[in-house]
Amino acid sequence: MLKKLHLVTASAVVGATLAVAGPALAVESTPDTEPATEMAPAATAAPVTVVDAAGVELATIAVDSVESNWSDYGDYSAPGAGSDYLRIRVTVESRVTRGTFEVSTYQFVVQDTDGFLVDAEPVRTAAEQDDNRSPVTEATLASGESAQLELTFEVVSGTTPAQLLFEADHQQLVTVDWLS
């Protein structure tokens with residue numbers, strides 16, 4: 001199901017977020033590269049560091065690749081009419097010194113150049129469907145552990161994704177990467 005929300009209602013995107021150990025989160029991030037001009041692997045983007053209110057590092061998030069018009073979905077997972085899939089692979093690395101950092105695909109949102117937001121959703125690949133497996137949607141990471149997450153967004157055909165956002169908590173959206 002295609003979910004589009006207007007930027008003004010960004011706080012309504014919150015739902016289904018896992019709690020993250022520690023106080024309210026902040027982020028240390030400044031875009032140090034020009035926005036990408038085409039949808040391609042984004043391995044050159046610098047990771048974003050997520051910190052708590054005291055400035056303690058909790059995790060880093062890096063975009064590994066971006067694929068527009070992604071089509072390796074299972075037979076029963078096709079996007080709706082007038083929509084395409086955008087697939088983004090991220091690597092999340094825990095930097096906590098105690099406890100764990102919990103992350104979920106449901107904490108990621110894409111904003112398009114018109115200001116609309118689209119939530120990530122679990123979409124099985126053809127191989128996952130053939131093997132009767134579900135996509136990985138969450139990870140609990142101890143210090144130094146990392147996980148790759150495949151994020152799938154059902155976007156309106158012809159729209160341009162502008163940025164990938166991470167919902168660190170109910171009060172904050174962190175810009176992970178500029179997509180356009």
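User: In what order do the elements of the protein run from the N terminus on?

Analyst: Keep in mind that this is a predicted model. Going by the element count, there are 11 strands and 1 helix to place. From the N terminus on, the order is β-β-β-β-β-β-β-α-β-β-β-β.

User: What share of the contacts with a separation of 6 or more comes from residues 24 or more positions apart?

Analyst: Take the contacts in the protein with a separation of 6 or more as the pool. Pick out the pairs 24 or more positions apart, and their share is 71%.

User: Which residues touch the most other members of the largest nonpolar core?

Analyst: That core has 31 residues. For context, buried residues make up 43% of the 180 residues in the protein. Within the core, the ones touching the most other members are I88, V90, F108, F153, L164 and F166.

User: What does F153 touch, leaving out residues up to four places away in sequence?

Analyst: F153 is one of the core residues that touch the most other members. With those sequence neighbours not counted, F153 touches D84, Y85, L86, I88, F108, V109, V110, V118, D119, A120 and L164.

User: Is G158 buried or exposed?

Analyst: G158 sits in the loop between β9 (146–156) and β10 (161–169). Its relative accessibility is 80%, and the cut-off for exposed is over 50%. So G158 counts as exposed.

User: How many Å apart in space are G158 and D84, C-alpha to C-alpha?

Analyst: D84 also turns up among the residues F153 touches. In sequence, G158 and D84 are 74 residues apart. In space, their C-alpha to C-alpha distance is 8.6 Å.

Key. Residues numbered from 1 in each chain as written. Predicted model: local features only at pLDDT ≥ 70, side-chain atom pairs only at ≥ 80, totals over all residues. Heavy atoms only, no water. Core = buried A, V, L, I, M, F, W, Y, C linked by side-chain atoms within 4.5 Å. Buried < 20%, exposed > 50% of the residue type's maximum accessible area, 1.4 Å probe, protein only. Contact = heavy atoms within 4.5 Å. Helix = DSSP H or I, 4+ residues; strand = E, 2+ residues; numbered from the N terminus.
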